[in-house]
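Good morning, colleagues. Please turn to the model on the screen, and I shall take you through several of its local features.

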Amino acid sequence: MSTDTPGSQSSLHRANLERVLRAVRMAGSLTQAEIARSTGLSAATVSNIVRELKESGTVVVADTSSGGRRARSVSLSGDAGIVVGIDFGHTHLRVAVGNLAHRVLAEESAPIDVDVSAAQGFDRAEALVERLLQQAGFRPDKVIGVGLGVPGPIDVETGALGSTAILPGWTGIAPGHELAERLGMPVHVDNDANLGALGELVWGAGRGLSDLAYIKVASGVGAGLVVNGQIYRGPGGTAGEIGHITLDEAGPVCRCGNRGCLETFVGSRYLLGLLTSTLGPDLTLPRVVELAHQGDLGCRRVIADAGRQIGTGVATLCNLLNPRRVILGGDLADAGELVLAPIRDSVARYAIPSAARQLSVVPGTLGGRAEVLGALALVMSEMGDSGALGRPAQASAAPGFVARTAG
Ligand SMILES: [Zn+2]
C-alpha cells in the first residue's frame, strides 16, 4: 500500500504480523507464549495478532498443555498453501508434498542412475511431482513454491551447478531455472547438505536450536551450517565445504583438484575401496554398515578410522563456529556409536576445550528424508508471507527461478 510508509503504524503492524507468521511457519506449531519468546513481541501484541490471523483463516488455534498448564497452540491452516520438495541424490530422487502446517501429504523416492542425463532426471522429477500432487488431492496452482536439493555447490549468481558436483552430466546446468520452466512454479535451490541441516533443524535432531552443523557423509562430504537460526551460505554459496579441508598435502588427488582432502579419506568410494579385496566388488556403504553392526572387524575398523578423520574436520569446525550440536547424516550415520564415538574422540583431541565442552555429536533422526524435508522447509523459510495469508499463489502467474540471496 502506498500509505504504508516505513515507521508508520500500519507498516509496524504488518512487520509484527510477518514475524509471527514466520515463527509459526518454521516451528510447525507454537503456543502464544512461545511466539512471544521467539519474536520478542509482548503477550498482548501476540494475542491480538493471533486473533486477527485466526479470523482471516490463516492460522488455527487449538487447546493444548504446556508444562502442565493449559495453553493454546497456533499453527498455520492446512489450506494456506502447498509446498513441494525435490531431492536429487547420487543414486536417488525423492519428492515430498506438504502443507504449511508441517504435514507431509505424499512422499515417494525412486532410484536414479548416476549417469542419467539432467534432462532425464528432470523428466522423472516432473512426473513424480504431478503424481504426488494428484495423490494429495491438490491442483498445481495451490503450490506456493518448490524446494530443490542438488548434490553440489550452486553458483549464487547463475544458479548453475558447480564443476565439483557429484552428478557428472549436470555440470553448468541451472537446475532451478530448468525446473521452474517445466513446472511453472517458483523454485528455490540449495545444496543437499544445507537442506539436510534445514530438515534436521525444523523437523529432526536440531529442533529448538539456533546453532548447529549437519555433516553429510556419502559419495561426497559436505556440511550445512546453521548460525543464529539461519543457514550460513557465504557470499558465493560455498560455505560448509568441510570435505575439502586438507588432511594430507601428499594424499590422494581429490575431485576438487587438491590433494588429501577429508573427502578422499571418508567418501564412500574410498571406504569401499579399502574393503573390496576382502569383501568383493559389489559392496555398498549401507552393506558395510550392516556388516559392522554384525561384528565384522574389517568394516568396524574402516568406519572407526573414518570417524576419526571426520572428527578432525568437526574439531576445526568447532573452533571456528562453536556450534551447539553436530548432526551426522548420510549413509555412515546409520553406523551409530561405531562412527560417533571416534568422532567425539577426535573432537576431544583437536578442538579447543571451550568449543568442545558444549558440543553434542548425534546422528540425524530423519535418515534419508532429511534433504527432502529440508527442501519443504526451504520454501517455508524463503517465501514471502503473502501465500500464507491465503492470497492466490504467485506460481501460475509468474513462473521463475527464485535467486536466493546468500547469508
Ligand atoms: Zn577436495
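**A walk through the predicted model**

Let me begin with Phe-88, which is buried, with a relative accessible area of 0%. Please keep in mind throughout that this is a predicted model. The ring of Phe-88 has a partner, and I shall come to that by way of a search.

How many aromatic pairs does a search of the whole structure find? The search returns two. In one of them, Phe-88 and Phe-122 meet edge-to-face, with 6.1 Å from centre to centre and 90° between the planes. Phe-88 belongs to strand 4, residues 82–88, and Phe-122 to helix 4, residues 118–136, so this pair ties together parts that lie 34 residues apart in sequence. Phe-122 is also buried, at a relative accessible area of 1%. The other pair consists of Phe-265 and Tyr-270, again edge-to-face, with centres 5.9 Å apart and planes at 80°. Here Phe-265 counts as buried at 14% relative accessibility, whereas Tyr-270 is partly exposed at 32%.

I now turn to the metal site. Which residues supply the protein donors of the zinc ion? They are His-244, through ND1, and Cys-254, Cys-256 and Cys-261, each through SG, at 2.0 to 2.3 Å from the ion. The angles among the four donor atoms run from 105 to 121°, and the site is tetrahedral. Along the chain, the donor residues follow the spacing H-x9-C-x1-C-x4-C. As for accessibility, Cys-254 is buried with a relative accessible area of 6%, and Cys-261 is buried with a value of 0%.

One of these donors leads us to another residue, Glu-263. Glu-263 sits in helix 7, residues 262–266. Is Glu-263 buried or exposed? At 8% relative accessibility, Glu-263 counts as buried, because the limit for that class is under 20%. If neighbours within four places in sequence are set aside, Glu-263 is in contact with Ser-219, Gly-220, Val-221, Gly-243, Arg-255 and the zinc donor His-244.

Next, a pair of helices. Helix 1, residues 9–27, and helix 13, residues 370–382, have axes that come within 9 Å and cross at roughly 175°. The two helices are therefore roughly antiparallel to each other. On the side of helix 1, the contact is made by Arg-22, Arg-25 and Met-26, and on the side of helix 13 by Ala-377, Met-380 and Ser-381.

I shall close with three loop residues. Asn-228 has a positive phi, near 55°, in a residue other than glycine. Its loop joins strand 10, residues 221–227, and strand 11, residues 230–231, and Asn-228 is exposed with a relative accessible area of 63%. Asn-322 likewise has a positive phi, of about 50°, although it is not a glycine. Asn-322 is found between helix 10, residues 297–321, and strand 12, residues 325–329, and counts as partly exposed at 40% relative accessibility.

Lastly, where is Asp-79 placed? Asp-79 is in the loop between strand 3, residues 69–76, and strand 4. At 60% relative accessibility, Asp-79 counts as exposed. Asp-79 and Thr-58 are 21 residues apart in sequence, and their C-alpha atoms are 8.2 Å apart in space.

Terms used:
Residues are numbered from 1 along each chain as its sequence is written. This is a predicted model: local features need pLDDT of at least 70, side-chain atom pairs count only at pLDDT 80 or more; totals for chains, interfaces and linings use all residues. Side-chain values use heavy atoms; hydrogens and water are left out. Donors are N, O and S atoms within 2.8 Å of the metal (3.2 Å for Na, K and Ca); water is not among the atoms, so sites may look incomplete. Four donors count as tetrahedral if all angles lie between 85 and 135 degrees; four count as square planar and six as octahedral if opposite donors are over 155 degrees apart and all others between 65 and 115; anything else is irregular. Buried means under 20% relative accessible area, exposed over 50%, partly exposed in between (1.4 Å probe, protein chains only). Rings of Phe, Tyr and Trp (its six-membered ring) pair if their centres lie within 6.5 Å; planes under 30 degrees apart count as stacked, over 60 as edge-to-face and the rest as tilted. Helices (H or I, at least four residues) and strands (E, at least two) are DSSP runs, numbered from the N terminus. Axes are lines fitted to C-alpha atoms, for helices over the stretch in contact, and angles run from 0 to 180 degrees between N-to-C directions. Angles under 35 degrees count as roughly parallel, over 145 as roughly antiparallel, 65 to 115 as roughly perpendicular and the rest as oblique. Contact means heavy atoms within 4.5 Å.
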